[in-house]
Amino acid sequence: MIDPNVKEQLGKYRQSIDNIDAALVHMLAERFRCTKEVGILKAKFDLPPADPAREEYQIERLRRLANDAQLDPDFAEKFLNFIIKEVIRHHEAIAAEHGGVIEKTA
């Protein structure tokens with residue numbers, strides 16, 4: 001039989017994990033909303049969908065943040081690389097959707 005205190009502790013941790021998962025989803029949605037706007041600007045001004053210098057900066061920064069938070073920096077880098085690939089894919093789709101370049105407004 002499981003100690004009731006253990007069940008209560010598990011419940012608290014699981015609730016916290018559920019809250020964190022919900023926050024992550026909302027943060028990622030906001031991040032992709034912002035990167036969509038970046039993609040539109042890139043298409044509008046005929047800029048390439050990828051920005052290797054920016055990506056390198058982001059990875060270095062995330063690795064430092066991961067170390068500071070005692071999180072595996074390799075995991076953090078893999079996670080960010082996945083996001084970067086998705087962002088680039090979206091930027092390419094935005095550009096293709098608008099024939100490569102979105103008409104500039106005023």
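Which side chains meet in a salt bridge with an N to O distance of 3.4 Å? In this predicted model, the side chains of Lys12 and Glu8 form that pair.

**Confidence of the model**

The chain has a mean pLDDT of 89, and 92% of its residues reach 70 or more. Confidence is highest in α2, at 96, and lowest in α3, at a mean of 91.

**Salt bridges**

Side chains of opposite charge can pair when their charged atoms come close. Searching the whole structure gives 5 salt bridges. The table sets out three of them, including the pair named at the outset.

| Pair | N to O distance |
|---|---|
| Lys12 and Glu8 | 3.4 Å |
| Arg33 and Glu30 | 2.7 Å |
| Asp74 and Arg63 | 3.1 Å |

Lys12 and Glu8 both belong to helix α1, which covers residues 4-44. The two are 4 residues apart, or about one turn of the helix. Lys12 is exposed, because its relative accessible area of 55% is over the 50% cut-off. Glu8 has a relative accessibility of 46% and counts as partly exposed.

Arg33 and Glu30 also lie in helix α1, where a spacing of 3 residues separates them by about one helical turn. Both members of this pair are partly exposed: Arg33 has a relative accessible area of 43%, and Glu30 has a relative accessibility of 38%.

The third pair joins two helices. Asp74 forms a salt bridge with Arg63, with 3.1 Å between the closest N and O atoms. Asp74 lies in helix α3 (residues 73-97) and Arg63 in helix α2 (residues 52-68), so this salt bridge ties together parts that are 11 residues apart in sequence. Asp74 is partly exposed, at a relative accessible area of 42%. Arg63 is likewise partly exposed, and its relative accessibility is 24%. Asp74 and Arg63 also belong to a network of salt bridges that links them with Glu77.

**Helix α1: span and ends**

Helix α1 contains 41 residues. From its first C-alpha to its last it reaches 60 Å, close to the 60 Å expected at 1.5 Å a residue. At the N-terminal end of α1, Asp3 acts as a cap, with a side-chain oxygen 2.7 Å from the backbone nitrogen of Asn5. Just after α1, Asp46 adopts a positive phi of about 55°.

**Buried residues of α1**

Which residues of α1 are buried? They are Thr35, Gly39, Lys42, Ala43 and Lys44. Helix α3 is included in what covers the buried residues of α1.

Thr35, found in helix α1, offers a detailed example. Why does Thr35 count as buried? The reason is that its relative accessibility is 15%, which is under the 20% cut-off. Setting aside residues up to four places away in sequence, Thr35 touches Val87 and His91. Helix α3 spans residues 73-97, and the contacts of Thr35 with Val87 and His91 can be read alongside the part of α3 in covering the buried residues of α1.

**Summary of the picture**

Within α1, the salt bridge of Lys12 with Glu8 and that of Arg33 with Glu30 each bring together residues about one turn apart. Between α2 and α3, the connection described here is the salt bridge of Arg63 with Asp74. Between α1 and α3, the relation described is one of cover over buried residues.

Definitions and conventions:
Residues numbered from 1 in each chain as written. Predicted model: local features only at pLDDT ≥ 70, side-chain atom pairs only at ≥ 80, totals over all residues. Heavy atoms only, no water. Salt bridge = Lys/Arg side-chain N within 4 Å of Asp/Glu carboxyl O. Buried < 20%, exposed > 50% of the residue type's maximum accessible area, 1.4 Å probe, protein only. pLDDT = per-residue confidence, 0-100. Expected span 1.5 Å × (residues − 1). Contact = heavy atoms within 4.5 Å. Polar contact = N/O pair within 3.5 Å; in protein donor to acceptor, adjacent residues only side chain to side chain.
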